[in-house]
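Here are a few short exercises to work through with the structure open beside you. Try each task before reading its solution.

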Amino acid sequence: MRQIDHFMPTASPAATRKHQVWNPSTGEVQAEVALGDAALLDSAVATAQRVQPEWSATNPQKRARVMFRFKELVEANMRPLAELLSSEHGKTVPDAKGDVQRGLEVIEYACGIPQVLKGEYTPGAGPGIDVYSMRQPLGIGAGITPFNFPAMIPMWMFGMAIAAGNAFILKPSERDPSVPVRLAELFVEAGAPEGLLQVLHGDKAMVDAIIEHPAIPAISFVGSSDIAHYIYHRGAEFSKRVQAFGGAKNHGVVMPDADLDQVVNDLAGAAYGSAGERCMALPVVVPVGEDTAERLKEKLIPAIHGLRIGVSNDPDAHYGPVVTPEHKARIEQWVTTAEEEGAEIVIDGRGFTLQGHENGFFVGPTLIDRVTPDMKSYQEEIFGPVLQIVRAKDFEEAVRLPSEHQYGNGVAIFTRNGHAAREFASRVNVGMVGVNVPIPVPVAYHSFGGWKRSGFGDIDQYGTEGLAFWTKRKKVTQRWPDGGGDSSNAFVIPTMG
Ligand code: NAD
């Protein structure tokens, strides 16, 4: 059985606890990953403390060169990385390439670190006084990441943190841990000092050790909301800087004037792509008006029947299996709950098996109509290939539904009416909005972050916000007297006159 170990320069003791890593397409266990503990973290922190001062003293241009070589190496290894990712996660290989590519875009942004780290400077803020600010690294950053983007989300975090001068400890998901390790190996190959980026596998025990460690001042978390909330609170108890992003239930509002063929095409990808295991998936569609709902449903049904489910390396598959057998069971249970709540199961993906791969964790595409806001199956995240239709009577209700939902990650509106789109974008209580864009993940030089139970803390991921999260700003007020003495009253609070 393939063994997946931590990635750190010091030898790690033989693991006493391990976690099984599935191949979701075949339903077989393909590897075991070591689960670390607090002692292992201590040793990683000691290494990070040793290498970080020199790294932060390395000028930003040289740090950028390492990021650039890393980007080139990841690009050169794109195919094997995507195949490895796909084999543990279950998403298709082209989709896995997208996972790597969206992370690389943050690395590309981090290549510009000399530019984005430049501080502010005001000469002559007072008589002979200049004021400037600089961003300094925090020391050691930690990232705790989910299974669903095992390349992109680690790169969001360590790309920004390390370029800014920090060392980084990554605790990836134990369900698909190989790609984060491979990325860390490539980072060393790119010229990064060993120990600058370490990957420590683990579960709650490792996460708790990270939260409690006195030498780790900042934690970035992405995963489900209850755990995000837990980490945000516990982190505050230990006086940490924490950003914690949680689950989602993104709505796609379809106005009566929308191009429905385009909407159906967008919805098929956004609801069923990656088997719905994306925090920016669109699992809820909100047609405005009964007529829109009927026309949309009529077009959606054949499109969904046309979806091809396959093993993750099937080049023709639209989507592959879900990540674990437990997750498959949970998704199917949500469909049953929706049925019990009185929703209409239009297309039922429960009990789906793929011929020749009967043990794989496949869930058929599911369409549920007549879903209402009081239903538990609407209120909670399903995270599977399940699209729910919630009919809104008018635009006001379509703004209200996502605004009042507990999650506020992403939302989209499909319309040809610029005024409606503008109104919607400005009024809806959700962090990321798409106008005729089903998955509005902001580009690397903007920032990513949801609201309400999709994001705890007030600083987003990557872009200038990412830089702010991984640095502290020092403000310097300086005066170089001309030697003639200063007769001002030192007992009065200084003002600039
Ligand atoms: P998860 O919450 O189960 O796991 C996330 C991380 O937390 C993993 O590293 C895991 O090892 C760790 N963890 C698990 N149980 C823990 C516990 N009890 N205490 C402390 N740490 C624990 O999430 P997941 O299933 O890997 O990922 C899917 C979830 O992530 C979905 O809810 C999805 O919406 C969310 N997600 C959110 C975003 C976003 O940006 N908002 C992005 C991607 C995924």
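**Exercise 1: Polar contacts and the salt bridge**

Task: Find how many residue pairs are in polar contact between domain 1 and domain 2, and how many salt bridges cross the interface.

Solution: Between domain 1 and domain 2, eight residue pairs are in polar contact, with both residues at pLDDT 80 or more. Keep in mind that this is a predicted model. Next, look for salt bridges: the rule finds one across the interface of the two domains.

To see how such a pair is judged, take aspartate 95 and arginine 278, whose closest N and O atoms are 3.0 Å apart. The cut-off is 4 Å, so this pair counts as a salt bridge.

**Exercise 2: The domain 1 side**

Task: Which helices each supply at least two residues of the side of domain 1 that touches domain 2?

Solution: They are helix H3 (78–89) and helix H4 (93–110). H3 gives the most to this side, with four residues. Now sort the side by class: eleven residues are polar, five are nonpolar and four are charged.

**Exercise 3: The two domains together**

Task: Locate the two domains, then describe their contact.

Solution: Start with the bounds: domain 1 covers 2–246 + 454–476, while domain 2 covers 251–435. Their C-alpha centres lie 31 Å apart. The contact takes 20 residues from domain 1 and 25 from domain 2. Finally, turn to area: about 1,800 Å² is buried between the domains, and carbon and sulfur atoms give 57% of this.

Definitions and conventions. Residues numbered from 1 in each chain as written. Predicted model: local features only at pLDDT ≥ 70, side-chain atom pairs only at ≥ 80, totals over all residues. Heavy atoms only, no water. Domains from an automatic or database assignment. Contact = heavy atoms within 4.5 Å. Buried area = accessible area lost by both parts, 1.4 Å probe. Salt bridge = Lys/Arg side-chain N within 4 Å of Asp/Glu carboxyl O. Polar contact = N/O pair within 3.5 Å; in protein donor to acceptor, adjacent residues only side chain to side chain. Nonpolar A, V, L, I, M, F, W, Y, C, P; charged D, E, K, R; others polar.
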